[in-house]
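Good morning, and thank you for making time for this presentation. Please keep the sequence and the structure in view while I speak.

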Amino acid sequence: MIGRLNHVAIAVPQLGAAVAQYRTTLGAEVSEALPQPEHGVTVVFVTLPNTKIELLEPLGEKSPIAAFLERNPAGGIHHLCYEVADIRSARDRLKAAGARVLGDGEPRIGAHGKPVLFLHPKDFNGTLVELEQA
Ligand code: CO
């Protein structure tokens, strides 16, 4: 059911420093920063030949990654995103298998303008999983 690895998301405490590291030290193609107040993050996309890295910095008071960065002050891998062809049928199959979908279970429009859902990390080996309709 799952397809390509769409991206790996890394929460970072200082987006400017992380951008400089990816752009200069690692020599990667890095986008401009995109504030996403509705998601509580500022996002930068690192484009690699086979996938993307998303660098996430908290934005606003109620950022969903603030608690993660409190536990991981130097930053860390926050989630993996897998592509699916049909997000609602993927959700229904996962729920039937006992996986917990975060939030109200309805797909939201994610950072790439496509419908996304998140699955509870306790149901996936301690990994927060995002599904994105490709
Ligand atoms: Co993501």
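I shall discuss the metal site, the pocket, the nonpolar cores and a few individual residues.

Please bear in mind throughout that this is a predicted model.

Let me begin with the metal. Which residues coordinate the cobalt ion? The donors are His7 and His79, each through NE2, together with Glu130 through OE, at 2.0 to 2.1 Å. Written as a sequence pattern, the spacing of these donor residues is H-x71-H-x50-E. Distant parts of the chain are linked by the pair His7 and Glu130: His7 belongs to strand β1, residues 5–11, whereas Glu130 belongs to strand β9, and 123 residues separate the two.

Are His7 and Glu130 buried or exposed? The cut-off for buried is under 20% relative accessible area. His7 has a relative accessibility of 0%, so it counts as buried. Glu130, with a relative accessible area of 5%, is therefore buried as well.

I turn now to the pocket. The largest pocket has a volume of about 740 Å³. Its lining consists of 36 residues, and those that lie nearest the centre are Pro64, His78, Arg108, Phe118 and Leu128. Which elements each supply at least two residues of this lining? They are the strands β4 (41–47), β5 (52–58), β6 (76–84), β8 (115–119) and β9 (129–133), along with helix α2 (66–71). By character, the lining residues of the largest pocket comprise 16 nonpolar, eleven polar and nine charged.

Next, the interior. As background, nonpolar side chains tend to be buried together in soluble globular proteins. In this model, the largest nonpolar core contains 14 residues, and Ile10, Tyr22, Val30, Val46, Ile53 and Leu55 are those with the most contacts inside it. At least two residues of this core come from each of β1, α1 (15–25), β4 and β5. Helix α1 provides the largest share, with four residues.

Tyr22 deserves a closer look. Setting aside residues up to four places away in sequence, Tyr22 touches Ile10, Gly27, Ala28, Val30, Val46, Ile53 and Leu55. There is also a second, separate core, made up of ten residues, including Ala90, Val101, Leu117 and Leu131.

Ala90 leads us into helix α3, which covers residues 87–96. With a relative accessible area of 1%, Ala90 is buried. Which residues does Ala90 contact, leaving aside its neighbours within four places in sequence? The answer is Met1, Val84 and Leu131. Ala90 and Met1 are 89 residues apart along the chain, yet their C-alpha atoms are separated by 7.4 Å.

A second alanine may be set beside this one. Ala66 is located in helix α2, and its relative accessibility of 28% makes it partly exposed. The C-alpha atoms of Ala66 and Ser31 are separated by 23 Å, with their positions 35 residues apart along the chain.

Finally, I would draw your attention to Asn125, which sits in the loop between β8 and β9. Its phi angle is near 60 degrees, a positive value in a residue other than glycine. Why does Asn125 count as exposed? The cut-off for exposed is over 50%, and Asn125 counts as exposed because its relative accessibility is 79%.

To close, I return to the metal site: the cobalt ion is held between His7, His79 and Glu130 as its coordinating residues. Thank you for your attention.

Notes:
Residues numbered from 1 in each chain as written. Predicted model: local features only at pLDDT ≥ 70, side-chain atom pairs only at ≥ 80, totals over all residues. Heavy atoms only, no water. 1 Å grid on protein atoms, 1.4 Å probe; cavity = no way out; pocket = protein on both sides within 12 Å on 5 of 7 lines; lining within 4 Å. Points joined across faces, edges and corners; volume = space filled by probe spheres on them. Nonpolar A, V, L, I, M, F, W, Y, C, P; charged D, E, K, R; others polar. Donors = N, O, S within 2.8 Å, 3.2 Å for Na, K, Ca; no water. Buried < 20%, exposed > 50% of the residue type's maximum accessible area, 1.4 Å probe, protein only. Core = buried A, V, L, I, M, F, W, Y, C linked by side-chain atoms within 4.5 Å. Contact = heavy atoms within 4.5 Å.
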